[in-house]
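Could you look over this one with me? I have put my notes below as numbered points.

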Amino acid sequence: MIRAYIAGPLSRGGVERNVRRACDISREFAKLGYAIMVPHLSAYFDGNEPQAVNSLSYQQWIAIDLAWVEVSDVLIRITGDSEGADQEVLHAEHCGIPWFCVNSVEDVADVHMQIQNMEELAI
C-alpha cells in the first residue's frame, strides 16, 4: 500500500473549504488503495469547528507534518498558496520522496497513473 501525504492550503482561502477539498481528493486516493495522511484534519484538533489556529503552535504542527512526510512514499500537493505545504514539498524533495500536484478530484486518476508508471520503473 502506497503511503500518501496530502499537502495543501489550510488557512488561506477558508479553512472549511480547504479541509473539504483535501478530504475529497484524499478519499479518491484512498479508493485507489492508498494509505492517506490528511493533516488538514488537525483543524478539528480542539473541537468540532475548524480553526485556523489551535492549541499547538504553527511550528509544532510543521514538525509533526514533516515527520509524516519522512515516512510517506509519495506527497500529493494540492494547488494553492500555502507556506506550510511548500515546506512539506521541499522536505519531501530533501528526503528523495516524489511529489505530484493536483487541483481537484478530476486530477486524481492521472496522478495515480503517473505514480503507477513510476512504481513500474523502480522494479
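The points below cover a strand, a helix and one side chain.

1. Before anything else: this is a predicted model, where local features need pLDDT of at least 70 and side-chain atom pairs count only at pLDDT 80 or more, while totals for chains, interfaces and linings use all residues. Residues are numbered from 1 along each chain as its sequence is written, and side-chain values use heavy atoms, with hydrogens and water left out.

2. Start with β1 (3–7); strands here are DSSP runs of E, at least two residues, and helices are runs of H or I, at least four, numbered from the N terminus. Four of the five residues in β1 are buried (under 20% relative accessible area, 1.4 Å probe, protein chains only).

3. β1 runs parallel to β3, with four bridges between them, and Tyr-5 partners Leu-75 there. β1 also pairs in the parallel sense with β2 (residues 35–37), over three bridges (pairing takes at least two DSSP bridges), and Arg-3 sits opposite Ala-35.

4. Now helix α2, residues 58–70. Its buried residues are Trp-61, Ile-62, Asp-65, Leu-66 and Val-69. Seen down the axis they fall within an arc of 135°, so they line one face of the helix (the arc uses directions from the axis to the C-beta atoms). Their cover includes β1, β3 and α3 (83–95).

5. Last, Asn-18 in helix α1: it is buried, at 3% relative accessible area. Its side chain reaches the backbone oxygen of Leu-10 at 2.8 Å. Asn-18 also touches other residues, among them Pro-9 and His-40 (contact means heavy atoms within 4.5 Å).

Notes:
Expected span 1.5 Å × (residues − 1). Buried < 20%, exposed > 50% of the residue type's maximum accessible area, 1.4 Å probe, protein only. Polar contact = N/O pair within 3.5 Å; in protein donor to acceptor, adjacent residues only side chain to side chain. Lists of a residue's contacts leave out its neighbours within four places in sequence.
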